[in-house]
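Got your viewer open and a selection tool at hand? Let's take a walk through this model, one stop at a time.

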Amino acid sequence: MAQTDDKLASLISSRICHDLISPIGAVTNGLELMELAGLPMSPEVELVNQSAQSAAARIKYYRLAFGDFGRIDATHPVRGTEIVQILKGIFISGRLDVHWHVTDDHSRAETKAALLALMCAEVALGTGGRIDVTLQDNIWTVDAKGPKLMLEGQPWDVLRGDVPEVEIAPAAVQFAVLPDVLRQLGRTLSITSSGDVLSLRF
């Protein structure tokens, strides 16, 4: 059966994430066994442990954001607590303070869109800041607040629909994927900014 380029890209993403999560999980499990055995956790080993946990969290994130969910899995619920744990593993330290306030379970398709929007908001906070993800009256909102919002350039033009389809850098692929996901959901993206606050709603 023929597949579209977007479908193939999603399938490839799912396959890569699926194959990588096992060996990285083995590293974290091995380190946990070392700790349980009473072996000393040196700063070097602790660094490896933190890096492995962060990598595992990112792979889970990317699988949800870029992977293929199929017709059946599109409505399959994703636990809000699972997303909180994934984000904690990624942003436990660094320039961004990320809060996922959606504690209920929601479809994988909607969660995918919210995670992609979060990735777009992350780009806007080049010097750091805070991101809050909320859901009220069936409207998802991703608010980003930081001292210097970066909202110019081709990725944002693509997200706003101001330019036709163009080549986009790998680091900004979420800007190209999000509009397509929202079209599948039958939702429209609203982008507003005022001062040091950016809001993405759909």
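Begin by selecting Arg 183 and Asp 180, whose side chains meet in a salt bridge with 3.6 Å from N to O. A salt bridge here is a side-chain nitrogen of Lys or Arg within 4 Å of a carboxyl oxygen of Asp or Glu. Before moving on, note that this is a predicted model, in which local features need pLDDT of at least 70, side-chain atom pairs count only at pLDDT 80 or more, and totals for chains, interfaces and linings use all residues. Residues are numbered from 1 along each chain as its sequence is written, and side-chain values use heavy atoms, with hydrogens and water left out.

Now show the backbone around this pair. Arg 183 and Asp 180 are three residues apart in helix α7 (residues 173-185), so about one helical turn separates them. Helices (H or I, at least four residues) and strands (E, at least two) are DSSP runs, numbered from the N terminus. Arg 183 is exposed, at 58% relative accessible area, while Asp 180 is partly exposed at 23%. For these words, buried means under 20% relative accessible area, exposed over 50%, and partly exposed in between (1.4 Å probe, protein chains only).

Elsewhere, salt bridges that share partners join Asp 97, Arg 130 and Asp 132 into one network. Select Asp 132 and Arg 130 from that network: their closest N and O atoms are 2.7 Å apart. Is Asp 132 buried or exposed? Asp 132 is buried, with a relative accessible area of 16%, whereas Arg 130 is partly exposed at 35%.

Next, go to helix α6 (residues 154-160), where Asp 157 and Arg 160 are three residues apart and thus separated by about one helical turn. These two residues form a salt bridge, with 3.8 Å between the closest N and O atoms. Asp 157 is partly exposed at 26% relative accessibility, and Arg 160 is also partly exposed, at 35%. How many salt bridges does the structure hold? The count is five.

For a change of scene, select the loop between β4 (129-136) and β5 (139-145), where you will find Asp 137. Asp 137 has a positive phi of about 55° although it is not a glycine, and it is exposed at 70% relative accessibility. Asn 138 is in this loop between β4 and β5 too. Its phi is near 65°, again a positive value in a residue other than glycine, and Asn 138 is partly exposed at 47%.

Move along to strands β6 (residues 190-194) and β7 (residues 197-201), which pair in the antiparallel sense over five bridges. Strands pair if DSSP finds at least two bridges between them. The two form a hairpin with two residues between them, and Gly 195 in the turn has a positive phi of about 65°. Pick Ser 194 and you can trace its bridge partner in β7, Val 197.

Still in β6, select Thr 192, which is partly exposed at 36% relative accessible area. Beyond its neighbours within four places in sequence, Thr 192 is in contact (heavy atoms within 4.5 Å) with Val 197, Leu 198, Ser 199 and Arg 201. Measure across to Asp 143 as well: Thr 192 and Asp 143 are 49 residues apart in sequence and 9.7 Å apart in space, C-alpha to C-alpha.

For the final stop, select Ile 16 in helix α1 (residues 5-36). Ile 16 is partly exposed, with a relative accessible area of 47%.
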